[in-house]
Amino acid sequence: MHAFHYRDDRLFCEEVDVAVTAEKFGTPLYLYSAGTILDHYGRLDEALAGLDHLICYAIKANSNRAILRLLRDAGAGFDIVSGGELFRALNAGADPAKCTFAGVGKSREEIEYALEQGVYSFNIESEAELDYISEIASAKNHRAPIALRVNPDVEAGTHQYISTGKSENKFGIALERAAKVYERASKMPAITVRGVQMHIGSQITEAAPFVSAIEKIAPLVSELKGKYAIKFFSIGGGLGIAYESSIASGSGDWWTSQRSHPLTIRDYVDAILPPLTRFGLRILLEPGRLLVGNAGILLTRVRYIKETTQKKFAIIDAGMNDLIRPALYGSYHEIVPVEGRGDSPNRPEPSRSRFKNTIKREKIDIVGPVCESGDFFAQDREMPELRAGDLLAVMSAGAYGFVMASNYNSRPLPAEALVRGDKVALIRERQTLPQIMSGERDPHF
Ligand code: LLP
C-alpha cells in the first residue's frame, strides 16, 4: 500500500504532482511519502496493540534525518548497526534507551560511543565480541546490556545475499551454543544479560519461516527468562513488500516470482502473535523495508533513446550508483511514466491515455549512464513507447535505495524530498562536484 497514484494520467504522491517536484528539485530525485511511512508504522503498531512491544526501525533501510524524525515522533525506537547510525539517530532526537546496536564487526570506538550514550542493548554476534565488549565496559566502569543474536538455522526463502538465519551465514551464535554463552555472559561483571535476538533475513514473503524460527528459539527464551530474568525478545525485521502493482510486467527472475505476494502486516502478526504472547516478555521488532520501501520512488528522466540491431535502450539520468539493487541482486522494480502522453508539454499527439492501450507498447532496456553493462534498471521491459525527456518513476525505491548510493563514476549523490499532504520539502540537497572531492589531499611526498 502506498500513496502514489494517477490523476488524469499524471502521477501524484499524496496531493503533490510528481512532475512538479522534478521541475523543482531536478532529477535523479528520491521522493518519499510521509503519509505512507506513518501509515505502515501505524498499522504494525496497532496490530501489535495487545502485546508489550517496541518497533525499532532499522535505520539502514533509509537513514535520512527527516524520516528518522517522522518515525521518532510516531514513537519508534531504532535498530542501528554502526556508530554512524547511532549518531544519526541521536541527531534526529532519538532516545538511546530505545536503540539497539546490531552488527557483526563493532569497533572499539563504536562500542565506547554506544556505552556512553546508553543504548538499550548490544546485540552480540560472536563470543569474541562478547569478550571485547565486556573488556571495554570494565575499563570504562560501565555495564553493557546485551542480547545474543541467536542463529536458528532456518531457511528464510529469500535471496541468498540477504538470508541471515542459516548456519552457514556469518550472523549470530548457533542455537545449540547459545545457552553456554549466556551462562558465561551472566558471570561477567560488566555485562547485564537483557534479552535475546534473532533476524533471519530480508524480503521474506511468508510467515512460516518467522514462526519456525520463533518456535525453534522458544525453549531457550523460556530458559533465559527463568535463569537471568531477561526482559525482551527481538524477532528482527525482514517482512517483505510488493515490488509490483499492476501496470508493468516483469521478466521472470527471482524477485519477479516473489513480488506479487507480499505478506500482509495482518497475516504476519496473526502468525507470530500466538507463539510470542506466551513468553510474557517485551517483544522488539526491527522492520526496515516494510516501513519505507513502498513509500519512495526514484524519479529520473530519459536522456536518450538508442536503438541497436538487437535492442532498444532508454538511457536515463539515474544510474546504478543511485540505486544498486537491480545490479546487485537482480531485483525487480516497477517503472512507470510520470506524465501521461497527452499531458506532456512536448507531445504533438492528441491527448491519449497510456493506460487505455492507445499508446504503442514495446520492449526496452532501461539503463543508466554508468560505464558498466550491469548498470540497468530493467531489461526487455514492456513499456509505453518512451521518448527523450520523459519522466519515469522507479517504484518501491524507499528502502535500500539512497542509503546504498555511491559516487561511482564521480556522480553526485541524488537529492531527496519528502511529501506530506499537499506539501513537498527538500530533505537532502543534491551533492555538488566540489563536495565529492572535498576530503581529497595532495600527498606532498
Ligand atoms: N535487523 C537486522 C539485524 C538486519 O540485518 C536487517 C537488515 C533488518 C533488521 C531490517 O530488515 P528489513 O526489515 O528491512 O528486511 N540491501 C538489501 C537488504 C539488506 C538487509 C540487511 N539487513 C536489499 O536491498 O534488499
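## Cavity and ligand-site exercises

By class, 6 nonpolar, 2 polar and no charged residues line the largest cavity (nonpolar: Ala, Val, Leu, Ile, Met, Phe, Trp, Tyr, Cys and Pro; charged: Asp, Glu, Lys and Arg; polar: the others, Gly among them). The model is predicted: local features need pLDDT of at least 70, side-chain atom pairs count only at pLDDT 80 or more, and totals for chains, interfaces and linings use all residues. Residues are numbered from 1 along each chain as its sequence is written, and side-chain values use heavy atoms, without hydrogens and water.

**Exercise 1.** Determine how many cavities of 30 Å³ or more are present, and which residues line the largest.

*Solution.*
1. On a 1 Å grid over the protein atoms alone, a cavity is a set of points where a 1.4 Å probe fits but cannot get out; lining residues have an atom within 4 Å of a point.
2. The count is 1 cavity, and the largest holds about 40 Å³ of space (the volume filled by probe spheres set on the points, which are joined across faces, edges and corners).
3. Its lining consists of Leu44, Gly236, Gly237, Leu239, Tyr268, Leu285, Pro287 and Leu290.

**Exercise 2.** Explain why the ligand lies between the two domains.

*Solution.*
1. An automatic or database assignment divides the chain into domain 1 (34-291) and domain 2 (294-431).
2. The ligand is surrounded by 18 residues (a heavy atom within 4 Å), divided into 6 nonpolar, 6 polar and 6 charged.
3. Both domains give residues to this shell, so the ligand lies between them.

**Exercise 3.** Identify which atoms of Gly238, Gly288 and Arg325 approach ligand oxygen atoms, and state how much of the ligand is buried.

*Solution.*
1. The pairs are judged as N or O atoms within 3.5 Å.
2. Backbone N or O atoms of Gly238 and Gly288 lie 2.8 Å and 2.9 Å, respectively, from a ligand oxygen.
3. For Arg325, a polar side-chain atom lies 2.6 Å from a ligand oxygen.
4. Alone, the ligand exposes 590 Å², of which the protein buries 92% (Shrake-Rupley method, 1.4 Å probe).

Methods:
A polar contact is a pair of N or O atoms within 3.5 Å; within protein, one must be able to donate a hydrogen and the other to accept it, and residues adjacent in sequence count only if both atoms are side-chain atoms. On a 1 Å grid over the protein atoms alone, a cavity is a set of points where a 1.4 Å probe fits but cannot get out, and a pocket is an open set with protein on both sides within 12 Å along at least five of seven lines; lining residues have an atom within 4 Å of a point.
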